Amino acid sequence: MAPSAIESPLNLFPNGGWDTHHHIFEPSTFPYSPNRHLTPPAATTEDFKNFKRKLGLSSSVLTHGLSYGDDCASLKAFVPQLGAETTRAIGVIDPERTTDEEMQALNAAGVRGIRVNLYHYKAMDNVELQKKALQAHAERITRLALPWSLTMTTIHPEFWSELVPFVQGTIAKDGLQLVTDHFCLLKAPSMLPAELRDDPTAQPGFQVIMAAVRSGVLWVKLSAPYRVSEQQPHYSDLRFLVRTFVDANKHRVLWGSDWPHTPRMKVRTREDALKETPYLEVDDEHWLLTLRSWLSDEEWDLLMVQNPKKLFA
């Protein structure tokens with residue numbers, strides 16, 4: 001999947017650029033799971049193509065929306081609609097029910113990783129259940145020797161103090177690449193309590209997460225700044241987080257838009273989960289321009305081209 005240069009008003013991607021985290025939702029064609037945690041409006045493949053063209057991106061990684069549960073029929077349909085040559089995907093499985101044949105079919109369809117659905121495990125607030133979920137998914141990947149990464153995002157960054165040693169002793173030994181989304185949900189000062197704003201490096205989980213990135217155990221997507229900062233549209237207070245991640249290991253960072261910008265992760269009541277929830281309004285152009293200003297040419301190329309090619313192509 002060699003990216004081609006694409007002209008756009010931003011002119012940010014002379015060597016191409018990867019969006020490693022976006023979704024497609026077409027409930028009229030592919031109904032949502034009855035056990036979903038969120039009901040998003042439609043956000044179609046054509047809508048994303050327009051978004052991609054506007055920013056000047058060349059490749060993308062379609063991340064299966066958890067509103068579809070572990071039914072990846074939509075994913076297998078959306079990838080060719082987006083363009084199989086320029087699109088890879090992250091799927092969702094049920095480690096106990098998804099067959100080997102289905103996982104092989106996902107691989108053939110362009111899937112290059114799976115994400116752990118912590119809602120399914122009722123594990124959003126339970127680190128022991130998160131370890132169990134990680135292990136179950138990892139075993140399915142390694143058993144089939146698939147060239148996949150494994151993604152898990154916890155809303156508790158402090159859990160990484162237990163998750164990292166667990167990963168080092170299990171998943172990493174098998175050579176699996178572990179990815180987490182949205183800055184590992186570490187917060188910029190604007191989203192921290194007053195006592196942590198002067199020293200955001202003191203927030204729970206910060207040091208162990210950076211050590212994991214530095215050692216190469218953990219990949220981090222610099223995605224969805226609105227989940228970790230209140231300073232839209234530029235998210236200026238995220239500079240310290242971006243620089244710390246990149247300085248820790250410039251070869252373990254990725255960028256993703258999180259288009260079409262679903263709300264922040266949380267456990268919802270059944271009634272709220274089934275109610276259509278609008279997307280957030282995000283100025284992706286402003287954010288990309290800000291992010292570009294904080295990085296060297298080499299760092300930008302690693303973030304936007306070389307690192308995603310290594311992990312997903």
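Start by selecting Thr151 and its surroundings: leaving aside residues up to four places away in sequence, Thr151 touches Ile114, Arg115, Val116, Val179 and Asp181 (contact means heavy atoms within 4.5 Å). Thr151 sits in strand 5, residues 149–151; strands here are DSSP runs of E with at least two residues, helices are runs of H or I with at least four, and both are numbered from the N terminus. Is Thr151 buried or exposed? Thr151 is buried, because its relative accessible area is 4%, and buried means under 20% with a 1.4 Å probe, protein chains only.

A quick word on what you have open: this is a predicted model, where local features need pLDDT of at least 70 and side-chain atom pairs count only at pLDDT 80 or more, while totals for chains, interfaces and linings use all residues. Residues are numbered from 1 along each chain as its sequence is written, and side-chain values use heavy atoms, with hydrogens and water left out.

Now zoom out to the whole chain. You should find 10 helices and eight strands, with the C-alpha atoms in a box of roughly 50 × 45 × 40 Å along the principal axes. Of the 313 residues, 58% are buried. Take the contacts between residues at least 6 apart in sequence: 78% of them join residues at least 24 apart.

Next, select helix 7, residues 239–248. Leu241, Val242, Arg243, Phe245, Val246 and Ala248 are buried there. To see what covers them, add helix 6 (206–215), strand 7 (218–223), strand 8 (253–256), helix 9 (284–293) and helix 10 (297–312), which are among the covering elements.

Time for the pockets. A pocket is an open set of points on a 1 Å grid over the protein atoms alone, where a 1.4 Å probe fits, with protein on both sides within 12 Å along at least five of seven lines; lining residues have an atom within 4 Å of a point. The largest has a volume (the space filled by probe spheres set on the points) of about 690 Å³. Which of its 29 lining residues are closest to the centre? Select Ser33, Asn35, Arg36, Asn117 and His120. Helix 2 (73–82) and helix 8 (270–274) are the elements that give two or more residues to this lining.

Last stop: the second largest pocket, at about 150 Å³. Select Asp94, Pro95, Glu96, His120, Tyr121, Lys132, Ala136 and Arg140 to show its lining.

Conventions: Buried means under 20% relative accessible area, exposed over 50%, partly exposed in between (1.4 Å probe, protein chains only).
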